[in-house]
Amino acid sequence: MQVEIDEHSGFCHGVTTAIRKAEEELTTGQPLFCLGDIVHNGRECERLRKLGLETVEHADLERLHHAKLLLRAHGEPPQTYATAQRNDLHVIDATCPVVLNLQRRIKAEYASHPEAQIVIFGKQGHAEVIGLVGQTEGHAIVIENLDDAKQKIDFTRPVSLYSQTTMSLDDFRKIVDYISSRFDVQRAVNTDGDATRSADVSRFTFHDTICRQVANRIPNIREFARRHDVVLFVSGRKSSNGRVLYNECLQVNPRTHLVETPSDIRLDWFATARSVGICGATSTPKWLMEQCREAILR
């Protein structure tokens, strides 16, 4: 039986940078606190904990003073930076540049177009989404799917749509099409002149802010899953892009199994299999996929 690890799987650039910064700081021997799990993978978090990284939550932040605080790749709202400054915390900012750019765009639009509804396609409560909503002082609308778009958006007001960086590009396009159709209906009703129809067009703008490091993995991972008899998708269950990529594998190969650790693997999955593919999320370390391969071949 052949076992192949997908060469395109593993940490994205933002996660790699955050972990490298944590490892560099930990070599100094000084305490280092991380606000939330540095990555949505329990095994990698445990590895860094053994090196001295201590994870704290937002509820702990007010009690933390005169310490080093690492902000992970997901980004944070402005309130976090204000609290850190007030408590004399030395911030090591590992916010992904893609996320940081998105935060700045949303903040600028909120300041310049207060009449618009800023809508974020993303997972409610996800760390990145909390940071994005924070750029609008909490006023942005979060939608997770098409049903949310139908229920939460006021189509009598202008809409500006953004996306969490790790969402499905296909799902984002479906939401764009739906919102566009709603404004098309309004234009059909308000038929009192070309000027009105032209004005309505500007009432909906959308910004494709999905990270291509994630989106571009989809065609690759589908092809990878298609050419193997059985697929192991290695990911923490908290990982947003992990769910997206796992479902892409499952669509083309029903013998795809989601595992967090080698102990989740069942050998009966590989009955009659001649080839096994191992792949993972942007939060999955290569060393964990290698451990899964060893567990199969043992």
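A contact here means two residues with heavy atoms within 4.5 Å. Keep that in mind; we need it in a minute.

Okay, the model. It is predicted. The protein chain has 298 residues, and 52% of them count as buried. Its C-alpha atoms fill a box of roughly 75 × 55 × 25 Å, taken along the principal axes.

Now the contacts. Take those between residues at least 6 apart in sequence. Of these, 71% join residues at least 24 apart.

Next, secondary structure. The chain holds twelve helices and twelve strands. Let's look at one sheet. Four strands build it, and the sheet is open. Read the order across: β3-β2-β4-β5. The pairing is parallel.

Which strands stand at the edges? They are β3, residues 53-56, and β5, residues 90-93. Each has a single partner strand, so one side of each is left without a neighbour in the sheet. From one strand to the next, the twist averages 30 degrees.

Zoom in on one pair. Strand β2 covers residues 32-35. Four bridges join β2 to β3, and the two run parallel. Find Cys-34 on your screen. What stands opposite Cys-34 in β3? That is Thr-55.

Last, the surface and the charges. The accessible surface of the chain comes to about 14400 Å². Carbon and sulfur atoms account for 50% of that surface. As for charges, the chain has 37 positive and 40 negative ones. Take the mean position of each set. Those two points are 3 Å apart.

Definitions and conventions. Residues numbered from 1 in each chain as written. Predicted model: local features only at pLDDT ≥ 70, side-chain atom pairs only at ≥ 80, totals over all residues. Heavy atoms only, no water. Pairing = 2+ DSSP bridges. Axes fitted to C-alpha atoms, helices over the stretch in contact; angles between N-to-C directions. Buried < 20%, exposed > 50% of the residue type's maximum accessible area, 1.4 Å probe, protein only. Areas by Shrake-Rupley, 256 points an atom, 1.4 Å probe, with all protein chains shown as cover. Lys, Arg positive; Asp, Glu negative; His and termini not counted. Charge placed at Lys NZ, Arg CZ, Asp CG, Glu CD.
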